[in-house]
Amino acid sequence: MSDDSASPPPVRRSRPGRPEGRGNHREAVLDAAERTFAERGFAGASYREIAAEAAVTQAMITYYFGSKPDLFREVYLRRGRQLAGERMALLEALQAREAPFSVEDVVRAYLVPPFGLVTSTGGRAFLRLQARLHAEPDEMAFGLRREVYDAPVRAFVTVLAGLLPHLPADVLYRRFAQIIGIYLYILSDAHRISEISAGAAAMPATETMIAEIVAFTAAGLRAQSAA
């Protein structure tokens, strides 16, 4: 005899399913957010604007990324990690080759990856975003910069220390920070070379600009310490 008074099995609740639609919505959101954050900064960007740019709903952005800080982090780390990986690969290739390498070779290995971003729309947006982030003092900015840049910078400075044994570590780090400042300024579209020179000079081709920075900063790295 069956027990009609037995309770029915509990209904299992599940999280909302993946939003329906076509195409790679996640990448579309990241691309749109990258452009919007680059144009307006973190505070000025809104989910509504990003959703319109990506042709998705705001609910879909929340599904994939959650909060705006989480979305910003994903946007920044997507290309930031790629940039760090390319730099490390170039440095490791230098160390692996049989022929000796120079200070210029090391500096060039650090500069080539970010200049490569100039050739794509997404890359240029990331460069503007990167310049904005370096001007932001808040903990989120500090954390992202540490995660993306600290390990590669330490690796590059360690290699430079072997080539420049006359310089103490603190001097090398200060000078490397100046290299970072130079390339960020040039790639931020704020260089105003034409305006500063009243039209006598203009932004050169990428390879020429890299060569100029390499020559200038390598000479500065080799200089005797002022301390």
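**Exercise 1. Find the helix that holds threonine 217, and decide whether this residue is buried or exposed.**

Step 1. Threonine 217 sits in helix H10, residues 206-222. Helices (H or I, at least four residues) and strands (E, at least two) are DSSP runs, numbered from the N terminus.

Step 2. The model is predicted: local features need pLDDT of at least 70, side-chain atom pairs count only at pLDDT 80 or more, and totals for chains, interfaces and linings use all residues. Residues are numbered from 1 along each chain as its sequence is written, and side-chain values use heavy atoms, with hydrogens and water left out.

Step 3. Buried means under 20% relative accessible area, exposed over 50%, and partly exposed in between (1.4 Å probe, protein chains only). Threonine 217 has 6% relative accessibility, so it counts as buried.

Step 4. Leaving out residues up to four places away in sequence, threonine 217 touches Val107, Ile179 and Ile182. A contact means heavy atoms within 4.5 Å.

**Exercise 2. State which residues of helix H3 are buried, and why they line one face of the helix.**

Step 1. H3 covers residues 58-65, and its buried residues are Met60, Ile61, Tyr64 and Phe65.

Step 2. Viewed down the axis of H3, these residues fall within an arc of 105 degrees, so they line one face of the helix. The arc is that of the directions from the helix axis to the C-beta atoms.

Step 3. An α-helix has 3.6 residues a turn, so residues three or four places apart point the same way.

Step 4. The cover over the buried residues of H3 includes helix H1 (25-44), helix H2 (47-54) and helix H4 (68-96).

Step 5. Just after H3, glycine 66 has a positive phi of about 80 degrees.

**Exercise 3. Count the helices and strands of the protein, and give the share of its residues that is buried.**

Step 1. The protein has ten helices and zero strands.

Step 2. Of its 227 residues, 36% count as buried.

Step 3. Among contacts with a separation of 6 or more, 69% join residues 24 or more positions apart.

**Exercise 4. Find where pLDDT is below 50 in residues 1-5 and 9-23, and say how many contacts these stretches have.**

Step 1. pLDDT is the predictor's confidence in each residue, from 0 to 100. Its mean over the protein is 87, and 87% of the residues reach 70 or more.

Step 2. Over residues 1-5 the pLDDT is below 50, and this stretch has zero contacts beyond near neighbours in sequence.

Step 3. Over residues 9-23 the pLDDT stays under 50, with nine contacts beyond four places in sequence.

Step 4. Where pLDDT is low, the predicted coordinates should not be read in detail.
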